[in-house]
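Student: I have a new model open on my screen. Can we go through it step by step?

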Amino acid sequence: MKKLILLFIFIAFNSNAASMKMLGSKGDPNDVTRVIEVKMYDNYYKPSSIQVKKGETVKIIVKNLGELVHEYNIATKEMHIKHTTEMAKLIENDILLGDSIDHAKMKEMSKKDPSLGHKHANSVMLEPNKTGEIIWKFSNDIALEMACNIPGHYETGMVGPIIIK
Ligand SMILES: [Cu+2]
């Protein structure tokens with residue numbers, strides 16, 4: 001029985017690691033060959049899709065020109081759906097407010113629950129008028145989406161394809 005449980009843990013851990021790897025990986029700033037700028041509004045991206053080459057390291061500069069907090073997250077559709085729970089947790093804990101992020105509370109509470117720290121190399125969450133960036137190496141030609149997982153945003157159109165050729 002113990003072995004069986006261990007096996008399940010092993011499979012669960014590996015499938016997660018495998019899907020993360022599918023996305024590509026955090027890019028080395030020295031390898032950046034292209035810079036793409038994406039603007040975030042309430043609730044959509046401009047441009048509404050981006051195109052990259054397989055194997056390319058891209059710097060994505062993200063600007064939030066909306067009036068709400070938004071996220072730019074690179075993942076598969078399936079992963080975005082899973083990520084929504086993490087976002088809901090930020091809202092439940094009053095860390096993520098409509099137009100601001102309580103960074104002090106986020107830091108404090110993430111000591112107990114690291115998932116509340118919301119630190120992922122494949123995403124950036126920004127308050128209005130803030131700019132952030134992601135340097136990403138797109139290693140595989142799989143179906144990826146840029147999306148905002150703040151509840152209600154993905155559903156109302158804050159999602160776009162990342163085309164890898
Ligand atoms: Cu959003």
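Tutor: Start with one strand pair in this predicted model. β9 and β10 are joined by four bridges. In that pair, E145 stands opposite P161 in β10. The sense of the β9 and β10 pairing is antiparallel.

Student: Which strand does β4 join, and in which sense, parallel or antiparallel?

Tutor: β4 covers residues 50–52. Its residue I50 stands opposite I162 in β10. Three bridges link the two strands. The partner is β10, and the sense is parallel.

Student: How many helices and strands does the protein chain have?

Tutor: Read the pattern along the sequence: α-β-β-β-β-β-β-α-α-β-β-β-β. The pattern opens with a helix and closes on strands. The totals are three helices and 10 strands.

Student: What is the strand order in the open sheet of five strands?

Tutor: Work inward from the edges. The edge strands are β1 (25–26) and β3 (44–46), each pairing on one side only. The pairing within the sheet is mixed. The order is β1-β8-β5-β2-β3.

Student: In β8, what is the bridge partner of K63?

Tutor: Strand β5 takes in residues 57–64, and β8 takes in residues 131–137. The two run antiparallel, with seven bridges between them. In β8, K63 has as its partner T131.

Student: Now the metal. Which protein residues are donors of the copper ion?

Tutor: Look for atoms 2.0 to 2.2 Å from the copper ion. Two ND1 atoms and one SG atom fit. Along the chain the donors follow the spacing H-x77-C-x4-H. They are H70, C148 and H153.

Student: How far apart in sequence are the parts that H70 and C148 tie together?

Tutor: H70 lies in strand β6 (residues 70–75). C148 lies in the loop between β9 (144–147) and β10 (159–164). The pair therefore ties together parts that are separated in sequence by 78 residues.

Student: Is H70 buried or exposed?

Tutor: Buried means under 20% relative accessible area. H70 has 0% relative accessibility, so it falls in that class. C148 also has 0% and counts as buried. For H70 the class is buried.

Student: What share of the 165 residues in the protein chain is buried?

Tutor: Helix α2 gives some examples. In it, M79, H80, H83, E86, M87 and L90 are buried. For the protein chain, the share of buried residues is 39%.

Student: What span should helix α2 have, at 1.5 Å a residue?

Tutor: Helix α2 has 16 residues, 77–92. The end C-alpha atoms are 23 Å apart, which agrees with the expected value. After α2 comes D94, whose phi is positive, near 55 degrees. The expected span of α2 is 22 Å.

Student: Which element gives the largest share of the lining of the largest pocket?

Tutor: The largest pocket holds about 340 Å³ of space. Of its 15 lining residues, the closest to the centre are H103, M106, G117, H118 and M125. Two elements give two or more residues to the lining: α3 (103–109) and β7 (123–126). The largest share, four residues, comes from β7.

Student: How many charged residues are in the lining of the largest pocket?

Tutor: Sort the lining by class. Five residues are nonpolar and six are polar. The number of charged residues is four.

Methods:
Residues numbered from 1 in each chain as written. Predicted model: local features only at pLDDT ≥ 70, side-chain atom pairs only at ≥ 80, totals over all residues. Heavy atoms only, no water. Donors = N, O, S within 2.8 Å, 3.2 Å for Na, K, Ca; no water. Buried < 20%, exposed > 50% of the residue type's maximum accessible area, 1.4 Å probe, protein only. Expected span 1.5 Å × (residues − 1). Pairing = 2+ DSSP bridges. 1 Å grid on protein atoms, 1.4 Å probe; cavity = no way out; pocket = protein on both sides within 12 Å on 5 of 7 lines; lining within 4 Å. Points joined across faces, edges and corners; volume = space filled by probe spheres on them. Nonpolar A, V, L, I, M, F, W, Y, C, P; charged D, E, K, R; others polar.
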